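Biologist: Could you take a close look at one part of this model for me, the way the helices pack and what sits around that packing?

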Amino acid sequence: MEDAGGDAPEIPATLHLDYLYDALAHPRRRYLCYLLFRDDEWTLADMATAVAAVENDVPASGVTEREYEGVYTSLYHAHIPKLVEGGVVTFDPDAEVVGGGEHADQVLAALEAIRERLDPGEDRSGG
């Protein structure tokens, strides 16, 4: 995603702890990061389906069009741009492909450490 001037956003050299907390504050952003544990590149459509499946506790094939569209829209307009801003993910808007950014490893490591300490029984596979 680009800013209004058409330039790519400047990515910080290191993530600040406040940004890390904010980036992981929303469940959809955490699910998105969990998906990057499984595969380092996702189409937005596949990611929206996987997140909607987790949120609705159904298999991917059970996600309704309404559930899918709601997740797709929020990922596209809110969650992915936030993570792009911090270099956590990359996003190609033409191909609608999401991948790990330069800070993905830091965020994924923090998410994994938090998950292991707070909820060792949580399934991070997303489904």
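In which hand, left or right, does α2 pass α3 in their crossing?

Modeller: Right-handed: that is how α2 crosses α3. Bear in mind that this is a predicted model, so everything below is computed from predicted coordinates.

Let me set the scene a bit. The chain has five helices and three strands, and starting at the N terminus they come in the order α-α-β-α-α-β-β-α. Of the 127 residues, 37% are buried. If you take contacts between residues at least 6 apart in sequence, 59% of them join residues at least 24 apart.

Now to your crossing. Helix α2 covers residues 27–38 and helix α3 covers residues 44–56; their axes are 10 Å apart and meet at an angle of about 120 degrees. Roughly perpendicular stops at 115 degrees, and α2 and α3 therefore count as oblique to each other. From α2, the residues making the contact are Arg28, Tyr31, Leu32 and Leu35, while α3 brings Met47, Ala50, Val51, Val54 and Glu55. Sorted by class, that contact has seven nonpolar residues, two charged ones and no polar ones.

Helix α2 also packs on helix α5, which spans residues 104–118. Here the axes are again 10 Å apart, with an angle of about 105 degrees, and α2 and α5 are therefore roughly perpendicular to each other. The contact uses Arg30, Cys33, Tyr34, Leu36 and Phe37 from α2, against Val107, Leu108, Leu111, Glu112 and Arg115 from α5. By class you get seven nonpolar, three charged and no polar residues in the contact of α2 with α5.

Stay with α3 for a moment and look at Ala48, which sits in that helix. Ala48 has a relative accessible area of 0%, so it is buried. Leaving out residues up to four places away in sequence, Ala48 touches Tyr68, Val71, Tyr72 and Leu75. As for α2, the C-alpha atoms of Ala48 and Arg28 are 9.5 Å apart in space, with their positions 20 residues apart in sequence.

Arg28 also leads you over to helix α4. Ser74 is placed in that helix, which runs over residues 65–85, and Ser74 touches Arg28 and His79, again not counting residues up to four places away in sequence. With a relative accessibility of 16%, Ser74 counts as buried. So Arg28 turns up twice, once in the contact of α2 with α3 and once as a partner of Ser74.

The tyrosines that Ala48 touches, Tyr68 and Tyr72, bring us to the aromatic side of things. Both are in α4, four residues apart, or about one turn of the helix, and both are buried. Their ring centres lie 5.7 Å apart with the planes at 40 degrees, so Tyr68 and Tyr72 make a tilted pair. Tyr76 and Phe91 also pair: the centres of their rings are 5.8 Å apart and the planes stand at 80 degrees, which makes the pair edge-to-face because the angle is over 60. This pair links distant parts of the chain, as Tyr76 belongs to α4 and Phe91 to strand β2 (residues 89–92), 15 residues apart. Tyr76 is partly exposed, with a relative accessible area of 25%, whereas Phe91 counts as buried at 9%. Put together, Tyr68, Tyr72, Tyr76 and Phe91 form one aromatic cluster.

Finally, two spots in the loops for when you look at the backbone. Asp57 lies in the loop between α3 and α4, and its phi is near 55 degrees, a positive value in a residue that is not glycine. Asp57 counts as exposed, with 72% relative accessibility. Glu96, in the loop between β2 and β3, likewise has a positive phi near 55 degrees without being glycine. Glu96 counts as partly exposed, at 27% relative accessibility.

To come back to your question, then: α2 passes α3 in a right-handed crossing, at an angle of about 120 degrees, through a contact that includes seven nonpolar residues.

Note on methods: Residues are numbered from 1 along each chain as its sequence is written. This is a predicted model: local features need pLDDT of at least 70, side-chain atom pairs count only at pLDDT 80 or more; totals for chains, interfaces and linings use all residues. Side-chain values use heavy atoms; hydrogens and water are left out. Buried means under 20% relative accessible area, exposed over 50%, partly exposed in between (1.4 Å probe, protein chains only). Contact means heavy atoms within 4.5 Å. Rings of Phe, Tyr and Trp (its six-membered ring) pair if their centres lie within 6.5 Å; planes under 30 degrees apart count as stacked, over 60 as edge-to-face and the rest as tilted. Axes are lines fitted to C-alpha atoms, for helices over the stretch in contact, and angles run from 0 to 180 degrees between N-to-C directions. Angles under 35 degrees count as roughly parallel, over 145 as roughly antiparallel, 65 to 115 as roughly perpendicular and the rest as oblique. A crossing is left-handed if the near helix is turned anticlockwise from the far one by less than a right angle, and right-handed if clockwise. Ala, Val, Leu, Ile, Met, Phe, Trp, Tyr, Cys and Pro count as nonpolar, Asp, Glu, Lys and Arg as charged, and the others, Gly among them, as polar.
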